[in-house]
Amino acid sequence: MKRNGMILVMNDAPSDEAFVEWLHGPHMEEVRATPGLTKIMRYEIVDGPPDRRQYVGVLETDDLDATLAWRSSPESRRSQEEADRRGIRNRYCLVCRPVYSSAAGTV
């Protein structure tokens, strides 16, 4: 049985134009090809410790096992190594499973 879940990714990243073009272009295409992903969001942290992570990525999946299997594949490692070469630092990932959910406006 498939399990849904979320992977929360935090990192420091360069803000130069070449990096942003790669991040939103070729890298995003690689991420979109990850099995199970249903939604990808990236947020810039606007209020937090100034010397800590700048970005948060939220990857939602309807097949957590398939998504995690891909994350430990050679293709995923190659993608993460390329991100590191381009300046990603302090990557931190949390794998989450849902506990409960509320529809918008009902809390």
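**Leu68 in helix H2 touches Ile7 and Val95, leaving aside residues up to four places away in sequence.** A touch, or contact, here means heavy atoms within 4.5 Å. This is a predicted model, so local features need pLDDT of at least 70 and side-chain atom pairs count only at pLDDT 80 or more, while totals for chains, interfaces and linings use all residues. Residues are numbered from 1 along each chain as its sequence is written, and side-chain values use heavy atoms, with hydrogens and water left out. Is Leu68 buried or exposed? Neither quite: at 27% relative accessibility, Leu68 counts as partly exposed. The cut-offs are under 20% relative accessible area for buried and over 50% for exposed, with partly exposed in between (1.4 Å probe, protein chains only). Pro35 sits 33 residues away from Leu68 along the chain, with 8.8 Å between their C-alpha atoms.

**The whole chain, for orientation, has three helices and four strands.** Helices (H or I, at least four residues) and strands (E, at least two) are DSSP runs, numbered from the N terminus. Read from the N terminus on, the elements go β-α-β-β-α-α-β. The C-alpha trace spans about 40 × 35 × 20 Å along its principal axes. Of the 107 residues, 32% count as buried. Take the contacts between residues at least 6 apart in sequence: 73% of them join residues at least 24 apart.

**The open sheet has four strands in the order S2-S3-S1-S4, with antiparallel pairing.** Strand S2 (37-44) and strand S4 (89-96) stand at the edges with a single partner strand each, so one side of each has no neighbour in the sheet. Averaged over the sheet, neighbouring strands are turned by 15 degrees against each other, direction ignored. Strands of a sheet pair through backbone hydrogen bonds, either parallel or antiparallel. For two strands to count as paired, DSSP has to find at least two bridges between them. How many bridges link S2 and strand S3? Seven, in the antiparallel sense, with S3 covering residues 55-61. Zoom in on that and you'll find Met41 opposite Val58 in S3.

**Helix H2 (residues 64-71) lies across strand S1 (5-12), S2, S3 and S4.** H2 runs at about 35 degrees to S1. Axes are lines fitted to C-alpha atoms, for helices over the stretch in contact, and angles go from 0 to 180 degrees between N-to-C directions.

**Helix H1 (residues 17-32) and helix H3 (residues 74-85) have axes that come within 11 Å.** The two axes cross at roughly 170 degrees. That makes H1 roughly antiparallel to H3; the labels are roughly parallel under 35 degrees, roughly antiparallel over 145, roughly perpendicular from 65 to 115, and oblique for the rest. Which residues meet here? Trp22, His27 and Glu30 come from H1, while Glu75, Arg78, Ser79, Glu82 and Ala83 come from H3. By type, the contact has two nonpolar, two polar and four charged residues. Here Ala, Val, Leu, Ile, Met, Phe, Trp, Tyr, Cys and Pro count as nonpolar, Asp, Glu, Lys and Arg as charged, and the others, Gly among them, as polar.

**Ser79 in H3 touches His27 and Glu30, leaving aside residues up to four places away in sequence.** Ser79 is buried, at 4% relative accessible area. On the H1 side, His27 also counts as buried, at 17% relative accessibility. With the same sequence neighbours left out, His27 touches Trp22 and Ser79. Cys96 is 69 residues from His27 along the chain, and their C-alpha atoms are separated by 23 Å.

**The largest nonpolar core brings together seven residues.** They are Ala13, Phe19, Trp22, Leu23, Tyr55, Ala83 and Ile88. H1 supplies the largest share, three residues. A second, separate core has five residues, among them Val9, Val31, Leu37 and Leu59. A nonpolar core is a set of buried Ala, Val, Leu, Ile, Met, Phe, Trp, Tyr and Cys residues joined through side-chain atoms within 4.5 Å. Back in the largest core, Ala13 touches Phe19, Arg42, Gln54, Tyr55, Gly87 and Ile88, not counting residues up to four places away in sequence.

**Asn90 in strand S4 has a positive phi.** The angle is about 55 degrees, although Asn90 is not a glycine. At 46% relative accessibility, Asn90 counts as partly exposed.
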